[in-house]
Amino acid sequence: MNYTEQEIIEGCKKNDRLFQKALYDRFSSKLFVVCMRYSNNRQDAEDLFQESFIKLFQNIKKYNGTGSFEGWARKLFVNYCISAFRKKKYKEEYSEEMLQSEQEENWEVDTKRFSDEEILRAVNSLKEIERMVFNMAEIEQMSYKDIKEVLNIKEETLRSMNCRAKKKLQNYLLDIENKKKRI
Amino acid sequence: MKKINEDNMEDLRNRLKNMQETPIENAWNEIDKSLSKTVFPFKKVALGGLVVLGLSAVFVFSVPIKKNSDKTVANTDIATEKLVPNNEKNDNILTKQVSENTISKDGFIKSNSAEIESSFATVESSSIKLESSSIGVEQNSIADNSLDNKTIENKPITENKTVKDTTKNISNKEKKINLIVETKENAINRGKVENKFNKSNTNNDKNKIYIPNAFTPTKSTNNIFKVIPNEDLTVVSFEMQIFARNGRKVFSCKDINTGWDGRINSKIADEGVFVVVLKYEDADGKHYSQNGQLLLLR
């Protein structure tokens, strides 16, 4: 049974379980990666995934057809992941040493050499706050001003955190490469 | 050079955006369940209606129930009325037994202790408990008024029950029999209660190191496992080893201030129980070993 995207969305707006399942089958694997990116292990990602999917079905009436549905769904997932992070009331003091280490980091690693799984693992290895900042700044390409409002952290700190995150990612990927070479 | 960097970054961005990963099969079932909970709210409405109906029914039937309760009160009244003659009976028994006692010239009543005990047993049946003090009664209580007062003053008496002899057989003089009734609580209070908090068990804990139960290496707080030595303890040499459940040594260090960050080969370990073994030496040169369980939560 192949429905078009519009048919599925129309069905979902009527709360038809059949279409909901179809929508799930179509987008689940792509949307699950969003949750994987925003959490450090699979368990947390699955929790986030379920909750945000329910949120998606509840709010699907608000989708008015402008822009791709996938983009809309992705945005909803990202927003849910960020709000879940904020609910945790994250607090970690950043020492001045961290601020001083702010430098313009170059991205030298060619990501084509790595598999999807390896890249995801690298993202998961980051610290929670660094991962948030990296995801929002680099992948979602939000402006630092917006992130500042969401996370309530100074722009300077955000920049340095992003740099550190990138540096760590590169180191992690290089480590993997070195281990491969040894074998 | 910078352009290449941006290209690489763009590539990573696209990779992460277009990546696909299948979630566990169970996920849809969970979503299905919670959706079916949220989609049909009218079930809740129906339930609420039922509850309201039930409550109203309870209110309607509550009036006859109250009548019933009135009846029960009446019953209890009857019961108390029944009890009263019982007490009177007991008094009769007491008085009878007293009447059997012989009175000496001095005014003391020599009585058979067994009889009095039996009378006490009957008193006990009417819900007043007489205990060890009953012996005191045997010795002192049945005496002249003046003597009675003395005994009252000397002893810590909580309740005095006076039983007037109404029987005319004994004598013209009214003689009071004081029964010293002591409640159970007071009897306990009289005895020395041991204060548990006075016990000093610091000697045992002095040489101990506290091993925390659990830690969460992935979270922002409590992400490093450290042991906490007692304040009085000075550790000279120290060794900590952590083993996984399969017996593999996961971590070891010789400094008490360093902790484990939950990583095995630079990767955070899975959730599970680990065994911690401590070996240390205090300032006196005594060797100690201690072990505990550690739960790693993610």
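# Exercises on a two-chain predicted model

Strand 8 and strand 9 of chain B form a hairpin with five residues between them, and G247(B) in the turn has a positive phi of about 90°. Strands here are DSSP runs (E, at least two residues), as helices are (H or I, at least four), numbered from the N terminus. The model is predicted: local features need pLDDT of at least 70 and side-chain atom pairs count only at pLDDT 80 or more, while totals for chains, interfaces and linings use all residues. Residues are numbered from 1 along each chain as its sequence is written, with chains lettered from A and ligands numbered from 1 in the order in which they are written.

**Exercise 1.** Describe how strand 8 and strand 9 of chain B pair, and place them in their sheet.

*Solution.* Step 1: strand 8 covers residues 235-243 and strand 9 residues 249-253 of chain B; they pair in the antiparallel sense over four bridges. Strands count as paired if DSSP finds at least two bridges between them. Step 2: I242(B) stands opposite F251(B) in strand 9 of chain B. Step 3: five strands of chain B form an open sheet with mixed pairing, in the order 6-13-12-8-9. Step 4: strand 6 (214-215) and strand 9 of chain B are at the edges with a single partner strand each, so one side of each has no neighbour in the sheet.

**Exercise 2.** Summarise the make-up of chain A in helices and strands, and its burial.

*Solution.* Step 1: chain A has nine helices and zero strands. Step 2: of its 183 residues, 32% are buried (20 or more other C-beta atoms, placed from the backbone, within 10 Å of the residue's own). Step 3: among chain A contacts between residues at least 6 apart in sequence, 69% join residues at least 24 apart. Contact means C-beta atoms, placed from the backbone, within 7 Å.

**Exercise 3.** Describe the packing of helix 6 of chain A on helix 9 of chain A.

*Solution.* Step 1: helix 6 and helix 9 (residues 155-182) of chain A pack at about 135° with axes 9 Å apart. Axes are lines fitted to C-alpha atoms over the stretch in contact, and angles run from 0 to 180 degrees between N-to-C directions. Step 2: helix 6 and helix 9 of chain A are therefore oblique to each other (not under 35 degrees, not over 145 and not 65 to 115). Step 3: E118(A), A122(A) and V123(A) in helix 6 meet L169(A), Y172(A), L173(A) and I176(A) in helix 9 of chain A. Step 4: the residues of this contact divide into six nonpolar, no polar and one charged. Nonpolar means Ala, Val, Leu, Ile, Met, Phe, Trp, Tyr, Cys and Pro; charged means Asp, Glu, Lys and Arg; the others, Gly among them, are polar.

**Exercise 4.** Which helix of chain A gives the most to the side that touches chain B?

*Solution.* Step 1: the contact takes 32 residues from chain A and 25 residues from chain B. Step 2: helix 2 (17-37), helix 3 (42-59), helix 6 (116-124) and helix 7 (128-139) of chain A each supply at least two residues of the side touching chain B. Step 3: helix 2 of chain A gives the most, with nine residues.

How values were computed. Contact = placed C-beta atoms within 7 Å. Buried ≥ 20, exposed ≤ 12 C-beta atoms within 10 Å, placed from the backbone.
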